[in-house]
Amino acid sequence: MTFRLPKPPSRAVSALRPPAFSGRLHDARTATAVGRWLAAAFGVCLVTGLVSHYLQHPPSWLADRLPTRPVWGYRLTQGLHVASGIAALVLLLVKLWAVYPRLFVWPPVRSVRHALERLSVAVLVATAVFEVVTGLLNIVEWYPWSFSFVPAHFAVAWAVTGSILLHVAIKAPEIRSHWSRRSKGTRALPAEADADRRSLLLAVGGAVGVVTLTTVGQSVTSLKAFDLLAPRHPDHGPQGLPVNRTAAAAGVSAEGLGRWRLEVVGPRPYTLSLDALRAMPPARARLPIACVEGWSVDADWGGVRVRDLVERAGGRPGRDALRVTSLEVGGAYRVMEMGAEYVDDPLTLLALTLNGQRLSLDHGFPARIIAPNRPGVLQTKWAHRLEVL
Ligand SMILES: Nc1nc2c(c(=O)[nH]1)N[C@H]1C(S)=C(S)[C@@H](COP(=O)(O)O)O[C@H]1N2
Ligand SMILES: [Mo]
C-alpha cells in the first residue's frame with residue numbers, strides 16, 4: 001500500500017488540491033465488506049438496547065406485562081449489547097480508515113445532491129462515534145461530560161439508525177455490486193486487491209475475536225479465565241460478586257442499621273424487624289445480577305418472597321405494582337418500581353443472604369431486591385420501604 005504525497009503545486013490553486021491516495025484497499029468493495037459487519041453489530045446493539053430500555057422504562061401498556069422468563073434473558077441481551085458495541089468499535093475504526101480518503105474528494109461539493117450525501121455521512125460518522133464512545137466510557141463508569149448518559153445514548157441511537165438506513169439507501173447500487181464474491185457491474189473493481197483485502201478482513205476478524213474473547217468473560221462466566229480487558233471480573237468483589245455502587249458511595253453506613261425496620265405500606269401496613277423477617281417462610285432462588293454495563297454473575301439468593309410480603313399488607317399479587325425505596329441518600333436508583341408480574345413471581349425475593357452468607361453491606365445489607373430477567377440497576381440494595389401501588 002502506498003501513500004503518495006501531492007505533486008509540488010505549479011499554480012496557487014493547486015496548493016489547495018487534496019493528497020492522492022493509491023492504497024488499494026480504500027475502495028467501495030472494502031467499505032462494503034466491513035460495512036455489512038458494522039451494520040450487523042449496530043443492528044444487534046439497537047435491538048438489545050431497546051430491550052434494555054423497555055425493561056427499565058416500560059410504556060404504561062407494557063408495565064405489568066414484561067416477561068419474567070427466561071430468568072437469564074436480560075443477561076443474554078445485555079451481554080450481547082455490550083459485546084456487539086465493543087466489536088462495533090473495532091469495525092468502525094476499520095471502516096473509517098477504509099473510507100477516509102473520500103474526505104478529500106475534489107471538488108468537495110459537486111451538486112446539491114452530493115452536498116446532502118456528504119452531510120448525511122457526516123451525521124452518520126458523528127452519531128456512530130458518539131454511541132460507541134459513550135457506551136464504552138459508560139462501561140468503565142467514566143463520565144467526562146455533563147449530559148445524562150442514558151437519555152443521550154438512547155436518543156442518538158435513533159439518529160444512528162436513521163443515518164445508517166439513509167446511507168444504505170444512497171449506497172444501495174454500490175453495495176449491490178460489491179456484495180457477492182466478485183464485484184459486478186459498471187463499477188467492477190480490478191481483482192488485484194482481492195488478496196490484500198482478504199488479509200485485511202482476516203485481521204479485522206481476528207481483532208474482533210480477540211477483543212471479544214478478552215471481554216466477554218464478564219458476562220459469559222465459563223470464559224472468565226480470558227476476561228483480561230473488561231472493566232469487571234465476575235469473581236472480583238465481596239462474596240464472589242462485583243459491586244457497582246458501594247455502601248460508602250451510596251451514603252449507607254453500618255451504624256444506624258441496628259434500628260433498621262422494613263416498612264410495608266398497603267391496605268394493611270406493617271413494619272418488621274430483621275429478626276421477624278428472618279422468621280418468615282424462607283425462599284431461595286438462583287438468579288443472575290445482570291448489570292447494564294455488561295457484567296453478570298449467577299448467585300444463590302435466600303430471603304422472603306416479595307409476593308408474601310405484599311399479600312400480608314393486603315396487596316393483590318399479580319394485580320398490584322410495588323415501589324421500593326432504598327436507604328441510599330441520593331442517587332438515581334434510590335427508588336424503583338416493579339410491575340405486577342415481578343411482584344407475583346415466586347422467584348422475586350427480598351434477599352437477606354447471598355451464596356449462603358448474610359448479605360454484605362456492599363451487596364445491600366440488611367435486605368435487597370432480586371428478581372428474574374431484570375436489569376441490575378433495578379435490583380435495589382439497602383431496601384427499607386415497600387409500597388403497594
Ligand atoms: N440502592 C441502590 N441499589 C442498587 C444500585 C444503586 O446504585 N443503589 N446499583 C444497582 C446496580 S447498577 C447493580 S448492577 C446492582 C449490583 O449489585 P451488587 O453490587 O450487589 O453486585 O445493584 C443495583 N442496586
Ligand atoms: Mo448496574
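**Where the two domains meet**

Across the interface of domain 1 and domain 2 in this predicted model, the salt-bridge rule picks out 2 pairs.

**View 1. A salt bridge between Asp298 and Arg75.** Here we zoom in on Asp298, which pairs up with Arg75 in a salt bridge. The closest N and O atoms of Asp298 and Arg75 sit 3.5 Å apart. Arg75 falls inside the bounds of domain 1 (18-226), and Asp298 inside those of domain 2 (239-388).

**View 2. Polar contacts between the domains, and the helices on the domain 1 side.** With both partners at pLDDT 80 or more, 11 residue pairs make polar contact across the interface of domain 1 and domain 2. On the side of domain 1 that touches domain 2, the elements giving two or more residues are helix 1 (28-56), helix 2 (73-99) and helix 3 (112-139). Helix 2 chips in the most, with 5 residues. Sort the residues on this side of domain 1 by type and you get 11 nonpolar, 9 polar and 5 charged.

**View 3. The whole contact between domain 1 and domain 2.** Pulling back a little, the domain assignment splits the protein chain into domain 1 (18-226) and domain 2 (239-388). Domain 1 puts 25 residues into the contact, and domain 2 puts in 26. Together the two domains bury about 2000 Å² between them, with 50% of that on carbon and sulfur atoms. As for spacing, the C-alpha centres of domain 1 and domain 2 are 38 Å apart.

Methods: Residues numbered from 1 in each chain as written. Chains lettered and ligands numbered in written order. Predicted model: local features only at pLDDT ≥ 70, side-chain atom pairs only at ≥ 80, totals over all residues. Heavy atoms only, no water. Domains from an automatic or database assignment. Contact = heavy atoms within 4.5 Å. Buried area = accessible area lost by both parts, 1.4 Å probe. Salt bridge = Lys/Arg side-chain N within 4 Å of Asp/Glu carboxyl O. Polar contact = N/O pair within 3.5 Å; in protein donor to acceptor, adjacent residues only side chain to side chain. Helix = DSSP H or I, 4+ residues; strand = E, 2+ residues; numbered from the N terminus. Nonpolar A, V, L, I, M, F, W, Y, C, P; charged D, E, K, R; others polar.
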